[in-house]
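Colleague: I am new to this model and would love a close look at one part of it. Could you walk me through it slowly, explaining your terms as you go?

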Protein chains: 2
Amino acid sequence: MEQKDLMLRLMKYKRVLLQFKSLGLDRVYSNNLGDALEISAALVRKDFSHFKIEGNRRGGYSINRVLEKLNHLLGDSGLQEIVIVGCGNLGKALLNHDYIREGFRIAAGFDINPSQAELNNIPLYPLEILKPYVLEHHIDVGIIAVPVSSAMQTAEMMINCGIKGILNFAPLQLKSREECRIHNVNIGLEIENLFFMVNQSEKKDARSIG
Amino acid sequence: MEQKDLMLRLMKYKRVLLQFKSLGLDRVYSNNLGDALEISAALVRKDFSHFKIEGNRRGGYSINRVLEKLNHLLGDSGLQEIVIVGCGNLGKALLNHDYIREGFRIAAGFDINPSQAELNNIPLYPLEILKPYVLEHHIDVGIIAVPVSSAMQTAEMMINCGIKGILNFAPLQLKSREECRIHNVNIGLEIENLFFMVNQSEKKDARSIG
DNA sequence: TAGATTGTTAATCGATTAACAATC
DNA sequence: TAGATTGTTAATCGATTAACAATC
């Protein structure tokens with residue numbers, strides 16, 4: 001967990017602050033952010049003070065000031081571009097969503113055999129040209145949305161193209177390596193986990209009733 | 001983290017053990033499992049001993065024995081059923097996948113206006129009949145795969161139907177409540193996080209070269 | 001001033017690891 | 001027996017929280 005959690009928290013602060021700002025707010029207190037992220041106010045203050053994000057002992061934190069600092073910390077590197085490999089239903093779902101507000105853009109989709117030339121104004125290319133495309137456009141991050149049967153070899157290919165970060169949706173655990181960080185989104189595990197938690201709390205309820 | 005992480009680890013043990021078993025293995029050592037999960041062997045032993053899963057001081061753990069215990073711990077409750085609300089591209093992608101091996105099954109899909117009567121042998125129904133369906137089939141868990149604009153009200157509706165666990169794919173953070181546990185899959189955050197990590201390690205590389 | 005909130009220190013808490021005796 | 005691996009204890013480590021002085 002450690003560092004990863006902290007960074008995720010910073011990103012969440014950022015999102016919440018943007019939301020607050022869009023609501024017309026100027027300043028926040030540590031407890032507002034704590035509530036929004038479901039963490040303690042002390043932790044918010046600790047995080048901020050750790051990164052020298054300063055507030056005012058009476059008036060809390062200036063949203064703009066905090067956002068400035070967060071952008072700096074998280075790499076205010078403009079609009080980043082990613083690719084999606086696999087343009088089946090899942091790939092299409094991802095291609096149809098606009099991620100600009102999240103700070104990145106899907107530059108292109110790749111598929112062994114694209115069913116159309118573009119989708120949502122994003123070009124779809126055959127897999128063969130992945131490497132030249134990634135090199136030319138300096139793509140660092142990509143999403144795997146292919147069937148599980150070809151996921152491993154897709155990851156291999158992407159790493160071979162020089163991609164350094166992969167979000168994998170295929171239901172198998174791919175391991176990160178020195179040269180490429182891989183995060184797995186495992187829907188099956190998530191659902192299993194939900195069932196477990198739900199059953200837990202049912203048992204607890206039963207106990208407290210009985 | 002805490003409990004949630006431990007349970008996720010138990011689920012991962014299970015998956016890895018099933019894989020080992022399918023490869024013909026009979027026994028594992030704590031360090032095999034540690035390697036597979038990228039955790040320490042000590043933690044594996046600690047976890048197992050915590051749940052009274054016993055091994056043999058020379059021959060490691062019997063895979064079947066461990067699986068038996070894990071199934072018991074994780075709730076060996078047969079095949080559970082879930083519903084999907086939202087049958088656009090994302091919903092279709094989920095409907096097209098077979099989760100039987102993961103211990104659950106998608107019983108039905110729901111949409112304001114289903115484009116077809118079934119998909120992958122799974123019936124698709126209009127949203128109006130969600131409540132009677134959930135009640136009749138005792139559905140505990142569901143997936144939100146609707147656009148962000150209707151996600152909040154969809155969650156409300158599902159909770160109102162008595163659903164106790166939700167996996168939310170819409171890009172907004174829904175909060176868990178007493179009566180319903182909600183897990184959010186936030187693709188934007190994941191990608192942002194990847195960019196951050198990738199940039200981090202690039203900086204590190206540059207430093208070690210310079 | 002009185003009141004509220006930050007910033008920070010010390011305490012707590014829990015998860016992970018090191019290490020080794022027990023034992024197969 | 002010699003060697004290897006578990007099971008467990010004590011140590012470590014880090015994250016989170018409590019609490020309060022500083023201060024706006």
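In the sheet of chain B, which residue in E6(B) stands opposite Gly109(B)?

Modeller: Happy to help! It is Leu124(B) that stands opposite Gly109(B) in E6(B). Before going further, please keep in mind that this is a predicted model, in which local features need pLDDT of at least 70, side-chain atom pairs count only at pLDDT 80 or more, and totals for chains, interfaces and linings use all residues. Residues are numbered from 1 along each chain as its sequence is written, chains are lettered from A and ligands numbered from 1 in the order in which they are written, and side-chain values use heavy atoms, leaving out hydrogens and water.

Now to the sheet as a whole. Chain B has an open sheet of seven strands in the order E5-E6-E4-E3-E7-E8-E9, and the pairing is mixed. Strands (E, at least two residues) and helices (H or I, at least four) are DSSP runs numbered from the N terminus, and two strands pair if DSSP finds at least two bridges between them. At the edges sit strand E5 (118-119) and strand E9 (181-184) of chain B, each of which pairs on one side only.

Let us begin at the E5 end. E5(B) and E6(B) run antiparallel to each other, joined by two bridges, and Leu119(B) faces Ile122(B) of E6(B) across this pair. Together E5(B) and E6(B) make a hairpin that has two residues between its strands.

Asn120(B) belongs to that turn, in the loop between E5 and E6 of chain B. Its phi is positive, about 55°, although Asn120(B) is not a glycine. Most residues other than glycine have a negative phi. With a relative accessible area of 38%, Asn120(B) is partly exposed; here buried means under 20% relative accessible area and exposed over 50%, with partly exposed in between (1.4 Å probe, protein chains only).

Moving along the order brings us back to your residue pair. E4(B) and E6(B) are parallel partners with three bridges, and Gly109(B) and Leu124(B) stand opposite each other.

Beyond E4 in the order comes E3, the strand of chain B in which Gln80(B) is found. Gln80(B) counts as buried because its relative accessibility is 16%. Not counting residues up to four places away in sequence, Gln80(B) touches Gly103(B), Phe104(B) and Arg105(B) in chain B, as well as Phe195(A) and Asn199(A) in chain A. Contact, by the way, means heavy atoms within 4.5 Å.

At the E9 end, strand E8 (residues 165-168) of chain B pairs with E9(B) in the parallel sense, over four bridges. One facing pair here is Gly165(B) and Arg181(B), the latter in E9(B).

Two helices also pack on this sheet. Helix H6 (residues 130-137) of chain B touches strand E3 (80-85), strand E4 (104-111) and strand E6 (122-126) of chain B, and its direction makes about 160° with that of E4(B). Helix H7 (residues 148-160) of chain B touches E3, strand E7 (141-144) and E8 of chain B, and its direction makes about 170° with that of E7(B). For these angles, axes are lines fitted to C-alpha atoms, for helices over the stretch in contact, and the angles run from 0 to 180 degrees between N-to-C directions.

Elsewhere in chain B, you can visit Phe51(B), in the loop between helix H3 (41-50) and strand E2 (61-62). Phe51(B) is buried, at 17% relative accessible area. Leaving aside neighbours within four places in sequence, Phe51(B) is in contact with Leu6(B), Met7(B), Leu10(B) and Leu73(B). Phe51(B) and Leu73(B) are 22 residues apart along the chain, and their C-alpha atoms are separated by 8.4 Å.

Finally, a glance at chain A for context. Chain A has eight helices and nine strands, and its C-alpha trace spans about 60 × 55 × 35 Å along its principal axes. Of the 210 residues in chain A, 45% are buried. Among contacts in chain A with a separation of 6 or more, 51% join residues 24 or more positions apart. Lys52(A) lies in the loop between helix H3 (41-50) and strand E2 (61-62) of chain A. Lys52(A) has a positive phi of about 60° without being a glycine, and with 57% relative accessible area it is exposed.
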